[in-house]
Amino acid sequence: MADSAGNWCLIESDPGVFTELIKQFGVKGAQVEELWSLDDEYFENLKPIHGLIFLFKWVQDDEPSGTIVEDNTNDKIFFAKQVINNACATQAILSVLLNCKHSDISLGPNLEEFKNFCQGMDANIRGLLLSNSNVIREAHNSFSRQTLFEYDSRQASKDDDVFHFVSYVPIDGRLYELDGLKEGPVDLGPCPPGDQWVQAAKPIIQKRINKYNEGEIHFNLMAIVSDRRLHYLQQLEYAFDATEYERLEALINAEIRKSERYRMENIRRKHNYLPLIMELLKILAKEGKLVPLYQRAKERALEKESKKNKA
């Protein structure tokens, strides 16, 4: 499967990366925001929220928090099995977008065509179609990192930290966890209507976090929300006084600055720095500084590993 679908790179769990990825799919009206806490105030400022994406350290005995839906009732849910390595970030994003029916979000021709083509197909076939989609794979792989060497892929050992993305979405008054490694969507029970659906998701995410040892910080929670700039522009039309108008204008300008920052960060992520690095290494070697720097870096790495083992 992996060979026929081509290679998928690991991508950084970052709202700027995910937002640009959504745009490259052709989607309009959506962006990704990072959540630093499960407190209500963080969610309140991002409404409407269309889905949550949770990154966590995967463990093999991870039990579902609800009932896995395997019968025909999941025809109303877009769910695809993950059939290829490293695709779980993109799969989590698509799990939200392809189940979203909000008027703010336009999937665009690429995802509309993909979704329609997948109608009536089972989760395994959908996973294969996703992994073989040139548009989706090329957008994903546009964030691949430049490397000097090719590494042989290997299965993670039991001592490796393996991270995984899952999505939480409201569908017809119920909350679902969409995890491509599961046999089907996980029905987590009823959820409040409208923007309050996240109240049902928060304790489930907290419970998942609580499973890990104290001090474990390798979690990341992001929300797919409506384009904030457009959202504030809509509100601006109904601003009732000068103070409210100025507040919304400040929020719009902040979004513009953030978008520009994301754009520059993504340019740097995609830039090939290897020629510059090679030239610097040549200069250091010529001046006799390369080997001492290597030895110093090796000593620091060994010291860091020793402290990690002691901890």
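## Close-up views of a predicted model

**Figure 1. Helix α2, a largely enclosed element.** In this predicted model, eight of the eleven residues of helix α2 (residues 15-25) are buried, so the helix is largely enclosed by the rest of the structure. If you would like to find them one by one, the buried positions are Pro 15, Gly 16, Val 17, Phe 18, Thr 19, Leu 21, Ile 22 and Phe 25. Do look at both ends of the helix as well. At the start of α2, the backbone nitrogen of Gly 16 has a side-chain oxygen of Asp 14 within 2.8 Å. Past the other end comes Gly 26, which follows α2 and has a positive phi, near 100 degrees.

**Figure 2. The whole chain, for orientation.** Here is the setting for the other views. The chain has 311 residues, of which 41% count as buried. Its secondary structure consists of twelve helices and seven strands. Among contacts with a separation of 6 or more, 75% are between residues 24 or more positions apart. The average pLDDT of the chain is 85, and 87% of the residues score at least 70.

**Figure 3. Helix α4, buried from end to end.** Ten of the ten residues of α4 are buried, so this helix is largely enclosed by the rest of the structure. You can follow the buried residues along α4: Cys 88, Ala 89, Thr 90, Gln 91, Ala 92, Ile 93, Leu 94, Ser 95, Val 96 and Leu 97.

**Figure 4. Ala 92 and its surroundings.** This view picks out one residue of helix α4, Ala 92. Is Ala 92 buried or exposed? Ala 92 is buried, because its relative accessible area is 4% and the cut-off for buried is under 20%. Which residues does Ala 92 contact, once its neighbours within four places in sequence are left aside? They are Ile 53, Phe 165, Val 166 and Ser 167. Leu 52 is another residue to find here: the C-alpha atoms of Ala 92 and Leu 52 are 8.9 Å apart in space, while the two residues are 40 apart in sequence.

**Figure 5. Lys 76 and Asp 172, a link between two loops.** Side chains of opposite charge can pair when their charged atoms come close. In this view, Lys 76 and Asp 172 form a salt bridge, with 3.9 Å between the closest N and O atoms. The pair joins distant parts of the chain, 96 residues apart. Lys 76 sits in the loop between β3 (67-68) and α4 (88-97), and Asp 172 in the loop between β4 (163-171) and β5 (174-178). With a relative accessibility of 41%, Lys 76 counts as partly exposed, whereas Asp 172, at 57%, counts as exposed.

**Figure 6. Salt bridges within helices, and a network.** The structure holds 15 salt bridges, and this figure shows a few of them. In helix α11 (residues 274-286), Lys 282 and Glu 279 lie three residues apart, about one turn of the helix. Their closest N and O atoms are 3.5 Å apart, and the two residues form a salt bridge. Glu 279 counts as partly exposed, at 43% relative accessibility.

Helix α12 (residues 290-310) holds Glu 303 and Lys 307, which are four residues apart, about one turn of the helix. Their side chains meet in a salt bridge, at 3.6 Å from N to O. Glu 303 is partly exposed, with 46% relative accessible area, and Lys 307 is exposed, with 55%. Elsewhere, a network of salt bridges links Glu 33, Glu 255 and Lys 258.

**Figure 7. The second largest pocket.** This pocket contains about 470 Å³ of space. It is lined by 26 residues, and those closest to its centre are Asn 99, Cys 100, Lys 101, Pro 170 and Ile 171. Which strand gives the most to the lining? That is β4, with three residues. Both β2 (49-57) and β4 supply at least two residues each.

**Figure 8. A stretch to read with care.** Over residues 150-159, pLDDT stays under 50. For this stretch the model has two contacts beyond four places in sequence. Where pLDDT is low, the predicted coordinates should not be read in detail.

Methods
Residues are numbered from 1 along each chain as its sequence is written. This is a predicted model: local features need pLDDT of at least 70, side-chain atom pairs count only at pLDDT 80 or more; totals for chains, interfaces and linings use all residues. Side-chain values use heavy atoms; hydrogens and water are left out. pLDDT is the predictor's confidence in each residue, from 0 to 100. Contact means heavy atoms within 4.5 Å. A salt bridge is a side-chain nitrogen of Lys or Arg within 4 Å of a carboxyl oxygen of Asp or Glu. Buried means under 20% relative accessible area, exposed over 50%, partly exposed in between (1.4 Å probe, protein chains only). A polar contact is a pair of N or O atoms within 3.5 Å; within protein, one must be able to donate a hydrogen and the other to accept it, and residues adjacent in sequence count only if both atoms are side-chain atoms. On a 1 Å grid over the protein atoms alone, a cavity is a set of points where a 1.4 Å probe fits but cannot get out, and a pocket is an open set with protein on both sides within 12 Å along at least five of seven lines; lining residues have an atom within 4 Å of a point. Grid points are joined across faces, edges and corners, and a volume is the space filled by probe spheres set on the points.
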